[in-house]
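Hi,

Here is the structure I promised to pass on. Have a look at it first, and then read on for what turned up.

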Amino acid sequence: MRALRIGAMVFGAALIGMEVWRSLGAGRGLPFVFDDVLVGGLLIASAVLMSRDTTRRRAFFTASWGLAAGCLYNGFFQAALTPTYAAGPLSPSQIVLWLGLALVVAIAGTVASILAERVIT
């Protein structure tokens, strides 16, 4: 579980950083940045809370991973199906690649958080 918690913190911070970097270059407004900042913040917060494994904290942790997967699913297919998708400093094909990789990581994190063995503290 420790590796998954660290992964959630790194992934959450990367989501926030990449979205801010991409959006600044594309001139996108704050509402378009907010969803990834929210998801990244929830991943980081839930990973910190998982230092003590309780049923509610585990549910929050898994829900954070699931929300990340859901948001990235929408973003991935929007970018893949829209040739003129605003990618900022990245080309549209690069943004599809990065969103696809992030989607795979988020799905893996969701599954791993569901299957992780409970540590009773």
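**The nonpolar patch**

Two helices, α1 (2-26) and α4 (92-115), each put at least two residues into a nonpolar patch on the surface. Before going further, please keep in mind that this is a predicted model. The patch covers about 530 Å² and is made by Met 18, Trp 21, Leu 97, Trp 98 and Leu 101. Helix α4 gives the largest share, 3 residues.

Leu 101 is one of the patch residues, and it sits in helix α4. How exposed is Leu 101? Its relative accessible area is 45%, and because buried means under 20% and exposed over 50%, Leu 101 falls in between and counts as partly exposed.

**Thr 110, also in α4**

Helix α4 holds Thr 110 as well. This residue has a relative accessible area of 16%, so with the cut-off for buried at under 20%, Thr 110 is buried.

What does the side chain of Thr 110 reach? One partner is the backbone nitrogen of Gly 66, at 3.4 Å. A polar atom of the same Thr 110 side chain also lies 2.8 Å from the backbone oxygen of Ala 106. If you leave out the neighbours within four places in sequence, the residues in contact with Thr 110 are Thr 62, Trp 65, Gly 66 and Ala 69.

**Helix α3**

Those contacts lead on to helix α3, which runs over residues 55-81. The helix has 27 residues and spans 39 Å from its first C-alpha to its last, close to the 39 Å expected at 1.5 Å a residue. Which of its residues are buried? They are Arg 58, Phe 61, Thr 62, Ser 64, Trp 65, Ala 68, Ala 69, Leu 72, Gly 75, Phe 76 and Ala 79. As a reminder when you look along the helix, an α-helix has 3.6 residues a turn, so residues three or four places apart point the same way.

Among the contacts of Thr 110, Thr 62, Trp 65 and Ala 69 also appear in this buried set of α3.

**The salt bridge**

How many salt bridges are there? The count comes to 1. It joins the side chains of Asp 53 and Arg 58, with 2.6 Å from N to O. Are these two residues buried or exposed? Asp 53 has a relative accessibility of 6% and counts as buried, and Arg 58, at 12%, counts as buried too.

Happy browsing, and do write back with any questions.

Best wishes

Methods. Residues numbered from 1 in each chain as written. Predicted model: local features only at pLDDT ≥ 70, side-chain atom pairs only at ≥ 80, totals over all residues. Heavy atoms only, no water. Salt bridge = Lys/Arg side-chain N within 4 Å of Asp/Glu carboxyl O. Buried < 20%, exposed > 50% of the residue type's maximum accessible area, 1.4 Å probe, protein only. Patch = residues over 30% accessible without salt bridge, like charges linked within 9 Å, V, L, I, M, F, W, Y side chains within 5 Å. Areas by Shrake-Rupley, 256 points an atom, 1.4 Å probe, with all protein chains shown as cover. Helix = DSSP H or I, 4+ residues; strand = E, 2+ residues; numbered from the N terminus. Polar contact = N/O pair within 3.5 Å; in protein donor to acceptor, adjacent residues only side chain to side chain. Contact = heavy atoms within 4.5 Å. Expected span 1.5 Å × (residues − 1).
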